[in-house]
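Here's a walk through one protein chain, written for someone who'd like to know what sits where before planning anything. Have a look at the sequence and the fold, then read on.

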Amino acid sequence: MTDDPDRADRAAAALAMALAARRPLAPLAPALAPADPTGAYAVQAALARRLGAFPPAGFKVGATAATMQLHLGIRSPAAGFMRRADLMPSGATTPFHVWINPGVECEIAFRLGADLPPGVHDHEALARAVAAVLPAIEIVENRYQGGVAIGTPMLIADRFFHAAAVLGQDAQGWTPERVAGRGLARLCGRMSVNGKAFGEGHGGDLLGHPLAVLRWLAASPVAAAFGGLRAGQVILCGSVTPPAWLSGPAEVEVAFEGLGTVTARFTP
């Protein structure tokens, strides 16, 4: 898969058609389907080019918490690019019906202030690359025929459930020294749906520290496929709670101590 750019582009074309039609994604034919994560990220990069999102506005990283890996039945994180048009400010309101089996997640996000070339970076260098820390809600979709049985490479090729993100304000006072410290790991995040508590977790649930997520991303096949990470990109570090799958219109709030609050509304 990785040595056949034409195959990756044809797979990306199939994904783009499903996205444009807003229909659940069926498994690709064996001749097109990626066989492994590296091949899946090649498809993802081809999809970004087709959608005019190369370089992307950022990346989501999923399955960074043990609870999420257990929920999805996988053993390592996975990432997906994000389009600028899919990043919305806190208070965003969208009709529920435009989403395919939507869910929401409770996230810590970074906004990068410096480029990070593909490869391994130390903790302090990663902290210096973070311009801002902010709370976020990721909107995810279970848009796969057969659900997760479609296979991890297909989930990765299709950006690993990503649909959109709602971003809070940049939190104040998060210097590189503070970002590198244990404060981020101790942050408690809580999510409520329609005023009822859904779940909570801590920054330390995300690979031990949110910066460890950024370290994984910079050294990952997705960073290699996209030519590294760039200043201005937003990185979603993963959910500290399982996803809350929505069955109808809802009001969602995510609050992190020390970061602030972000809200989203899904209307009838």
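In which sense do S5 and S6 pair, and over how many bridges? They run antiparallel, with 11 bridges between them. Keep in mind as you read that this is a predicted model.

## Strand S5 and its partners

Let's stay with S5, which covers residues 102–112. One bridge in its pairing with S6 (130–141) links Pro102 to Glu141. S6 isn't the end of the story, though. S5 also pairs with S11, a strand made of residues 244–245. That pairing is antiparallel too and rests on two bridges, with Gly103 bridged to Trp245.

Then there's S10, at residues 234–239. S5 and S10 run antiparallel and are joined by four bridges; here Phe110 has Ile235 as its bridge partner. As for how much of S5 is covered, 10 of its 11 residues are buried. If you're tracing side chains along a strand like this, a handy rule is that in a regular strand they alternate between the two faces of the sheet.

## The open sheet and Thr94

A separate heading goes to the five-strand sheet. It's an open one, ordered S4-S13-S12-S8-S9, and its pairing is mixed. S4 and S9 (196–202) are the edge strands, each pairing on one side only. From one strand to the next, the twist averages 15°.

At the S4 edge, the neighbour is S13, residues 260–267. These two pair in the parallel sense, over four bridges, and Pro95 has Thr267 as its bridge partner. Thr94 belongs to S4, which spans residues 92–95. Is Thr94 buried or exposed? Its relative accessible area is 12%, and the cut-off for buried is under 20%, so Thr94 counts as buried. Beyond its neighbours within four places in sequence, Thr94 touches Met88, Trp99, Arg265, Phe266 and Thr267. Thr267, then, turns up both as a contact of Thr94 and as the bridge partner of Pro95.

## Empty space inside

Now for the gaps. As a general point, rolling a probe the size of a water molecule over the atoms shows where empty space is left. How many cavities of 30 Å³ or more does the model have? The count is three.

The largest cavity holds about 100 Å³ of space. Its lining has 17 residues, and those nearest the centre are Met68, Leu72, Glu105, Phe160 and Phe161. By class, the lining splits into nine nonpolar, four polar and four charged residues. S5, S6 and S10 come back here: along with strand S1 (58–62) and helix H3 (66–72), each supplies at least two lining residues.

The second largest cavity comes in at about 60 Å³. Around it you'll find Leu15, Ala18, Leu19, Arg22, Arg23, Leu25, Ile100, Arg143 and Asp158. That lining is five nonpolar residues and four charged ones, with no polar residues.

## Two partly exposed residues

Ala26 sits in the loop that links helix H1 (5–21) with helix H2 (37–50). With a relative accessible area of 31%, Ala26 is partly exposed. Leaving out neighbours within four places in sequence, Ala26 is in contact with Gln145, Ile150 and Met154. For a sense of distance, take Ala114, which is 88 residues from Ala26 along the chain: their C-alpha atoms are 38 Å apart.

Thr152 is in helix H5, residues 152–157. Thr152 is partly exposed as well, at 30% relative accessible area. The C-alpha atoms of Thr152 and Met68 are separated by 14 Å, with these positions 84 residues apart along the chain. You've met Met68 already, among the residues nearest the centre of the largest cavity.

## Helix H8

Why call H8 largely enclosed? Because seven of the nine residues in this helix (210–218) are buried. The buried ones are Pro210, Leu211, Ala212, Val213, Leu214, Leu217 and Ala218. For reading a list like that, remember that an α-helix has 3.6 residues a turn, so residues three or four places apart point the same way.

Technical notes:
Residues numbered from 1 in each chain as written. Predicted model: local features only at pLDDT ≥ 70, side-chain atom pairs only at ≥ 80, totals over all residues. Heavy atoms only, no water. 1 Å grid on protein atoms, 1.4 Å probe; cavity = no way out; pocket = protein on both sides within 12 Å on 5 of 7 lines; lining within 4 Å. Points joined across faces, edges and corners; volume = space filled by probe spheres on them. Nonpolar A, V, L, I, M, F, W, Y, C, P; charged D, E, K, R; others polar. Buried < 20%, exposed > 50% of the residue type's maximum accessible area, 1.4 Å probe, protein only. Contact = heavy atoms within 4.5 Å. Pairing = 2+ DSSP bridges. Axes fitted to C-alpha atoms, helices over the stretch in contact; angles between N-to-C directions.
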